[in-house]
Structure formats: structure tokens, C-alpha cells
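Welcome, and please load the model in your viewer. We will go from one selection to the next, with a short note at each stop on what is there.

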Amino acid sequence: MIPTSPNDKDFPWWLVAVVAIGIYLFWQVFTVETYARVLTTLQKGIWVTIYVTLVSYSMACLLGLLLALAGMSKSLILRQISRFYIEVVRGIPIIVLLLYVAFVLAPGMVVAWNWLADLIWLDPIRTRDFSLLWRAVIALTIAYSSFLAEVFRAGLQGVDKGQIEAAEALGLNRWQRFRLIVFPQALRMILPPLGNDFVAMVKDSSLVSVLGVTDVTQLGKVTAAGNFRYFETYNVVALVYLTITITLSLALRRFEKRMRQR
């Protein structure tokens, strides 16, 4: 008899341990005043973290899909531009990219806007009017679009060419083939890596705290510096991120399982 892999029927003891730790920390939050005050302070940061993640990821998916399509284009120029963008951006650490966008690219965009505004009689803007929140969103969008572009490219290239040829034989144009045949099948294949990247962005969104954006991490730093209760404060910060990421991971697994059953 061939033994099955021990991973096939593993009981999720890791989840039991995580839930036990989470219950203990939540009990501390509801019964210990210090924990409760910290969580109250972090509540605003939770919404900022969610907002930054959702907006950045949505924009990164759109840009990543366009980069993937450009990389598969018949145009040599588009293919080279796509490859250049992906390789350069993937080679830069996200925190460096955040700082570059915030203090180099954003001021450059303001200068370009003011130059254009002079030509068409629009109101100029100042660099300080460009909020740090949107600088962070742009940086995360740029960073993750390079990773998502490769995910989309692999999914699009994984669709059976026979089905594309059959769609051509039926008279579907290029856009119809992409919308009705290629993309729906590619999406089913790339949902797991897309989900993993979404969870990863939740965690990487904590890097925006280096710009002073009032997310969970930044408010945690400020709170700990004020009350000197580092243990309690960062326990709550870790609990918030763990709750979000574990919940997302379980929801995505359930969604993927349903998609495979269809």
C-alpha cells in the first residue's frame, strides 16, 4: 500500500494555536484597561490600513494586467517597455520605492502639473498639497504591479491555445476572445497567487508608516512612545494584523475551493 502524504490529512493544529493565542489577547483587550486604550487608539489606523490596501491592490491589478498584455504584445517596443518596468521595479525594495515616490516622484509630478497648468490656465498646486497617503498608495501600486504582471502573464499564457483557435474559428474578435475565453480561464488559475499577494500587501502596507501615514503601525509607534507600554501596545498591533491576515487567508481558501468545484 502506498502511504499518503502526511500533509493530506493534517489536522490544523496551527490554527488551533493561533485561535487560542487570539482568544487570550482579545480577552486581555476586553479586561485590561491598557490593552483596551491601545485598541481604541488603533481603530482609526485599521481603516487607513484597509483603505490603503484595497485602493493600492485594485490599482496594482489593473496596471499589472496592462503590463502583462504589453509583455505579450506583438509590438517589440511594448514588450521591451513592459520588461524594463517589471525588472527595474522588482529590483527595488518596497521601502526604498516608498521614499523615492514620496520625495522624488511626487514633487516631480507637482512640477509637471504646474507646468501644464500654466499652459491651460489651471490653478497650480504645492508639493505639500500632495498628501502622504496618496504618495504611499502610488508607491505600493507601482511595487505590486510588477509582481502581479508576472502572475497575470503566467495565467494568460496557461490557457490552452486550442480554445483560442476555436474562438477564432467562431469569428470572435481579439477583445471578445480575451473577455469571454482567455481571461475567465486565466483568472481561475491565478486566484491563489492573487490572494497571496493581497494578504502580503496587507502586511506590506505597514511600511507606509515611514512616511507618517497614520496606519496601524504608525499609531502603534506613537502610542508606545507616549505610554512606554511597548509589550502591550505591540501585542495589540500584532493581534490586529494577525486577525486581518488569518481571516483573509481562510476566506480566500474557501473561495478557491468553491471555484475549483465549479
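One cut-off will help along the way: a residue is called buried under 20% relative accessible area, exposed over 50%, and partly exposed in between. Keep in mind too that this is a predicted model.

**Stop 1: Met109**

Select Met109, which sits in helix H4, residues 94–120. Is this residue buried, partly exposed or exposed? Its relative accessibility is 36%, so Met109 counts as partly exposed. Leaving aside residues up to four places away in sequence, Met109 touches Phe130 and Ile138. You can also draw a distance from Met109 to Thr127: the two are 18 residues apart in sequence, and their C-alpha atoms are 8.9 Å apart.

**Stop 2: Phe130**

Now follow the contact from Met109 to Phe130. Phe130 lies in the loop between H4 and H5. With a relative accessibility of 17%, Phe130 falls under the 20% cut-off and therefore counts as buried. Which residues does Phe130 touch, not counting residues up to four places away in sequence? Show Ala106, Met109, Val110, Arg135 and Ile138 as sticks, and you have them. For a long ruler across the model, join the C-alpha atoms of Phe130 and Val19: they are separated by 41 Å, with these positions 111 residues apart along the chain.

**Stop 3: the whole protein**

Zoom out and colour by secondary structure. There are nine helices and zero strands here, and reading along the sequence gives the pattern α-α-α-α-α-α-α-α-α. If you draw a box along the principal axes, the C-alpha atoms fill roughly 75 × 70 × 25 Å. The protein has 262 residues, and 37% of them count as buried. Switch on the surface: about 16,100 Å² is exposed, with carbon and sulfur atoms supplying 67% of it. Should you plot a contact map, look at pairs at least 6 apart in sequence; 76% of those contacts join residues at least 24 apart.

**Stop 4: the largest pocket**

Next, turn to the largest pocket, with a volume of about 650 Å³. It is lined by 16 residues, and those closest to its centre are Met72, Ile164, Arg174, Phe178 and Val182. Colour helix H5 (132–157), helix H6 (161–169) and helix H7 (174–204), the elements that give two or more residues to the lining. Which helix gives the largest share of this lining? That is H7, with five residues. Colour the lining by residue class and you will find eight nonpolar, two polar and six charged residues.

**Stop 5: Thr49**

Select Thr49 in helix H2, residues 33–71. Thr49 has a relative accessible area of 2%, so it is buried. Beyond residues up to four places away in sequence, Thr49 touches Val202, Ser205, Asp215, Val216 and Tyr241. Add Gly220 to the selection: its C-alpha atom is separated from that of Thr49 by 13 Å, although the two are 171 residues apart along the chain.

**Stop 6: helix H8 and the residue after it**

Val216 and Gly220 lead us on to helix H8, so select residues 216–227. H8 has twelve residues and reaches 16 Å from its first C-alpha to its last, close to the 16 Å expected at 1.5 Å a residue. Which residues of H8 are buried? Highlight Val216, Thr217, Gln218, Leu219, Gly220, Thr223 and Ala224. As a reminder when you look down a helix axis, an α-helix has 3.6 residues a turn, so residues three or four places apart point the same way.

Step just past H8 to Phe228, in the loop between H8 and H9. Phe228 has a positive phi of about 60 degrees although it is not a glycine. At 60% relative accessibility, this residue counts as exposed.

**Stop 7: Thr247**

Finish in helix H9, residues 230–261, by selecting Thr247. Thr247 counts as partly exposed because its relative accessibility is 49%, between the 20% and 50% cut-offs. For a last distance, pick Val199: its C-alpha atom lies 9.8 Å from that of Thr247, and the two are 48 residues apart along the chain.

Terms used:
Residues numbered from 1 in each chain as written. Predicted model: local features only at pLDDT ≥ 70, side-chain atom pairs only at ≥ 80, totals over all residues. Heavy atoms only, no water. 1 Å grid on protein atoms, 1.4 Å probe; cavity = no way out; pocket = protein on both sides within 12 Å on 5 of 7 lines; lining within 4 Å. Points joined across faces, edges and corners; volume = space filled by probe spheres on them. Helix = DSSP H or I, 4+ residues; strand = E, 2+ residues; numbered from the N terminus. Nonpolar A, V, L, I, M, F, W, Y, C, P; charged D, E, K, R; others polar. Expected span 1.5 Å × (residues − 1). Buried < 20%, exposed > 50% of the residue type's maximum accessible area, 1.4 Å probe, protein only. Contact = heavy atoms within 4.5 Å. Areas by Shrake-Rupley, 256 points an atom, 1.4 Å probe, with all protein chains shown as cover.
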